[in-house]
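Biologist: I would like a close look at one part of this model. Please keep it brisk.

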Amino acid sequence: MNILFRIVLLFLLAKHCQQTPIVETTESFDEEFVETTTQAHIVEKTKDEIIADLHNKLNNMRRHVAAFKSKSKADAEKVLSLSDLIVAYESQIDSKTAIIEKQEEHIKKLNSSVNSYRSIFMQKELEITDLQIKTKSDASNIKDYLKQISNYRDQLKLSQASSCVPFGNSTGIKLLHLPGGEPFYAPCESRLKQGFGWTVIQRRLDGSVNFYRDWNDYRKGFGDLSGEFFIGLDKLHRMTSNEPHEFLIYYQRFTNDISRYYRFDTFLIGNETEEYLLKEIGNPACESYCDNPMIRNVGMKFTTYDRDNDNFFWQNCAKECKGAWWFDSCSGSKPFTHLNGRYEDTITNRNVRGIFFKDFQPLKYVQMMIRPINSAIN
């Protein structure tokens with residue numbers, strides 16, 4: 001401490017010597033010495049406090065420095081960790097940026113494609129609108145064409161009809177096409193309660209046509225299709241052998257004006273080699289009790305005056321009965337059916353030369369008809 005005091009004293013003396021002339025130094029030395037001594041005592045008194053305070057501050061500074069170093073070290077570690085994390089994020093950002101750039105490029109291409117497709121779509125919409133307008137017009141034309149096609153189909157169907165059924169409710173003479181020969185005309189009847197589509201194969205109504213004919217005439221057919229006629233055995237065979245047919249007989253007697261009918265569920269004849277054998281005549285149906293008036297005709301060949309195929313061995317029944325038929329015998333036993341006999345309104349001495357059905361009461365009117373079974377409308 002003496003050393004410190006001495007230093008302070010010398011400092012004050014040096015300062016005084018610089019500022020005061022030598023004359024004045026001797027006079028004021030005592031006053032300054034007293035003042036300096038006082039200040040030295042004050043300095044010596046507080047220096048311990050100052051030193052202690054400085055030591056405290058120094059320790060505080062050391063603690064702050066140590067804490068700062070520790071915090072700096074931790075912060076450095078965090079900074080290092082954050083730097084690594086930043087590097088990783090920057091790497092990811094670079095990767096994502098590259099991906100985004102690619103996606104943006106792809107989006108640009110897609111936008112370009114979309115614009116191109118939009119342009120195409122707008123063009124297609126215009127084309128569709130044009131097509132819709134054209135379609136409406138074409139639909140109308142197609143409807144007309146379909147109607148024409150339907151008409152042509154109907155005409156074609158009718159032009160190739162093998163029976164009267166395709167002609168529906170039309171009644172009249174129609175052209176039929178059947179296998180095994182040329183097309184031919186036949187009357188169609190559709191006004192009956194038994195339905196439409198019946199083909200008339202024989203008609204007797206006034207005696208205007210002679211039915212006492214030879215084999216060739218009966219084979220080909222004869223008469224007036226709008227009046228009395230026989231369709232022909234050859235045509236009848238072609239029709240019934242082409243598909244199954246049913247058989248209908250409409251008749252009226254001279255004794256009253258009532259028309260009656262017999263309907264058989266099958267009808268089939270053979271060809272000329274078989275001499276037009278009546279192969280089938282099915283079960284009958286009629287208004288009341290129905291026996292079978294043609295039971296004796298089933299299994300018989302056709303007989304004309306020049307071709308004797310009946311079972312009456314000493315006589316030709318076609319000659320005897322003045323007609324032609326599938327005769328069993330030409331006796332007067334019942335039931336007796338012969339629809340191609342001579343047109344007569346009376347009968348004497350059991351004459352078998354008239355037109356008979358079931359018994360020997362001559363018929364005023366008779367019509368034989370057939371129709372395909374599978375297409376029949378009842």
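What share of the residues in the protein chain is buried? And which residues is Arg203 in contact with, leaving aside its neighbours within four places in sequence?

Modeller: This is a predicted model: local features need pLDDT of at least 70, side-chain atom pairs count only at pLDDT 80 or more, and totals for chains, interfaces and linings use all residues. Residues are numbered from 1 along each chain as its sequence is written, and side-chain values use heavy atoms, with hydrogens and water left out.

Buried residues make up 33% of the 378 in the protein chain. Buried means under 20% relative accessible area, exposed over 50%, partly exposed in between (1.4 Å probe, protein chains only). The chain has five helices and ten strands. These are DSSP runs numbered from the N terminus: helices are H or I, at least four residues, and strands are E, at least two.

Now Arg203. It sits in strand S3, residues 198-204. Arg203 is buried but makes no salt bridge. That term needs a side-chain nitrogen of Lys or Arg within 4 Å of a carboxyl oxygen of Asp or Glu. For Arg203, the nearest side chain of opposite charge is Glu189, 5.8 Å away. Lys and Arg count as positive here, Asp and Glu as negative; His and the chain ends are not counted.

A backbone atom does approach Arg203. The oxygen of Gly227 lies 2.6 Å from a polar atom of the Arg203 side chain.

Next, the contacts, meaning heavy atoms within 4.5 Å. Beyond four places in sequence, Arg203 touches Pro187, Phe211 and Asp224. Leu225, Ser226, Gly227, Glu228 and Phe229 also belong to the list. Tyr365, Val366 and Gln367 complete it.

One of those contacts, Glu228, has a salt bridge with Arg204, at 4.0 Å from N to O. Glu228 is in the loop between strand S4 (222-223) and strand S5 (229-230), and Arg204 is in strand S3, so the pair ties together parts 24 residues apart in sequence. Both partners are buried: Glu228 has a relative accessible area of 1%, and Arg204 has 2%.

For the wider setting, the count of salt bridges comes to twelve. Among them, Arg213 pairs with Asp217, the closest N and O atoms being 3.3 Å apart. Unlike buried Arg204, Arg213 is partly exposed, at 22%. Glu246, Arg263 and Arg371 are linked in a network of salt bridges.

How values were computed:
Polar contact = N/O pair within 3.5 Å; in protein donor to acceptor, adjacent residues only side chain to side chain.
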